[in-house]
Amino acid sequence: MSAKLCIMTAYADETHTLLNVLGQEVGDSVDWNSRLQFEWSDGDKKWVVMQSGMGKVRAASMCQMIIDTYQVDTFFEFGFAGGLVDTLDIGDVVAITGVSEHDVPNRSDIQREQNEWRARLFQASASSISQFATTLSTNPNVTLTKAPVICGDMDIYNREVRDKIAVESGAVAVNWESSAIVDVCAINKVKYVGIRVISDLCIEEDGGPIPKERIERLRTSTTAYVKALVDFNKCQRA
């Protein structure tokens with residue numbers, strides 16, 4: 001019986017890096033912000049890589065489609081993120097242990113309910129997250145942090161704003177999609193393992209396209225991620 005490995009990304013830099021590590025030459029077929037699907041077999045493994053496009057709505061809808069189509073019991077999110085704290089460096093890996101949002105609902109009862117179902121999901125997923133993080137941390141090319149992230153539909157390239165968000169939220173990294181994905185997993189009672197690789201440090205100097213030399217560092221961490229995913233899946237099937 002073949003292993004089915006489904007991973008979701010959000011945008012082209014993440015997708016290109018992941019597919020290149022997996023030996024898939026896709027050229028210009030990966031648009032920057034489109035919904036894309038790549039599917040192939042590799043020995044006893046069937047790979048499915050989907051790009052949702054950026055933002056919470058696109059991420060949530062793609063997440064639900066993957067759950068419905070492939071009947072996954074663990075959802076794997078992979079992507080890049082901005083680092084909010086000085087202890088992180090480019091290429092470091094964050095295993096997500098909690099999510100919050102930069103713009104929260106203005107009704108406390110909604111926010112409280114949201115926090116409760118997210119907490120239940122992370123409790124249910126704790127063993128999988130821990131096992132995956134342990135597997136990743138044994139790779140000498142990986143510097144790993146287990147910590148919460150914060151999400152919002154905006155890029156941050158200002159050190160003062162970055163530091164303020166980090167202090168107020170307790171998050172170590174920021175991205176656009178993880179909170180929406182977590183909510184869909186919670187609704188469907190599907191375990192969640194989210195991994196983000198730090199691609200910038202949310203400072204003015206890091207604005208603009210990711211430099212080629214930085215992509216190489218991200219590729220190294222992505223390679224370690226893929227190996228950990230394969231090893232994790234073997235353990236789950238054993």
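Biologist: Why does E101 count as buried?

Modeller: Its relative accessibility is 12%. Buried means under 20% relative accessible area, exposed over 50%, and partly exposed in between, with a 1.4 Å probe and protein chains only. The value for E101 falls under the cut-off, therefore E101 counts as buried. This is a predicted model, in which local features need pLDDT of at least 70 and side-chain atom pairs count only at pLDDT 80 or more, while totals for chains, interfaces and linings use all residues. Residues are numbered from 1 along each chain as its sequence is written, and side-chain values use heavy atoms, with hydrogens and water left out.

Biologist: With which side chains does that of E101 make polar contacts, and how do you know that they qualify?

Modeller: The partners are the side chains of K56, at 3.4 Å, and R118, at 3.3 Å. A polar contact is a pair of N or O atoms within 3.5 Å; within protein, one must be able to donate a hydrogen and the other to accept it, and residues adjacent in sequence count only if both atoms are side-chain atoms. Both K56 and R118 also appear among the residues that E101 touches, as do Q114, I150, C151 and S179, not counting residues up to four places away in sequence. Contact means heavy atoms within 4.5 Å.

Biologist: In which strand does E101 lie?

Modeller: E101 lies in β5, residues 93-101. Strands (E, at least two residues) and helices (H or I, at least four) are DSSP runs, numbered from the N terminus. The chain has six helices and eight strands.

Biologist: What makes strand β4 largely enclosed by the rest of the structure?

Modeller: In β4, residues 74-83, 10 of the 10 residues are buried, so the strand is largely enclosed.

Biologist: Which strands pair with β4?

Modeller: Two strands pair if DSSP finds at least two bridges between them. Strand β1 (residues 3-9) is joined to β4 by two bridges and runs parallel to it; there, I7 partners F76. Strand β8 (residues 191-200) pairs with β4 in the parallel sense over nine bridges, F78 being matched with I195. Strand β7 (residues 173-175) pairs with β4 in the antiparallel sense over two bridges, and G83 has A173 as its partner.

Biologist: How do you know that the buried residues of helix α4 line one face?

Modeller: In α4, residues 159-169, the buried residues are R162, I165 and A166. Seen down the helix axis, they fall within an arc of 100°, so they line one face. The arc is that of the directions from the helix axis to the C-beta atoms. E160, K164, V167 and E168, on the other side, are exposed. The cover over the buried residues of α4 includes β4 and β6 (144-151).

Biologist: Why is the chain called as compact as a globular protein of its length?

Modeller: Its radius of gyration is 17 Å, close to the 18 Å that the globule rule gives for 238 residues, so the chain is as compact as a globular protein of that length. The radius is taken over C-alpha atoms, and the rule is 2.2 Å times the number of residues to the power 0.38. Of the 238 residues, 52% count as buried.
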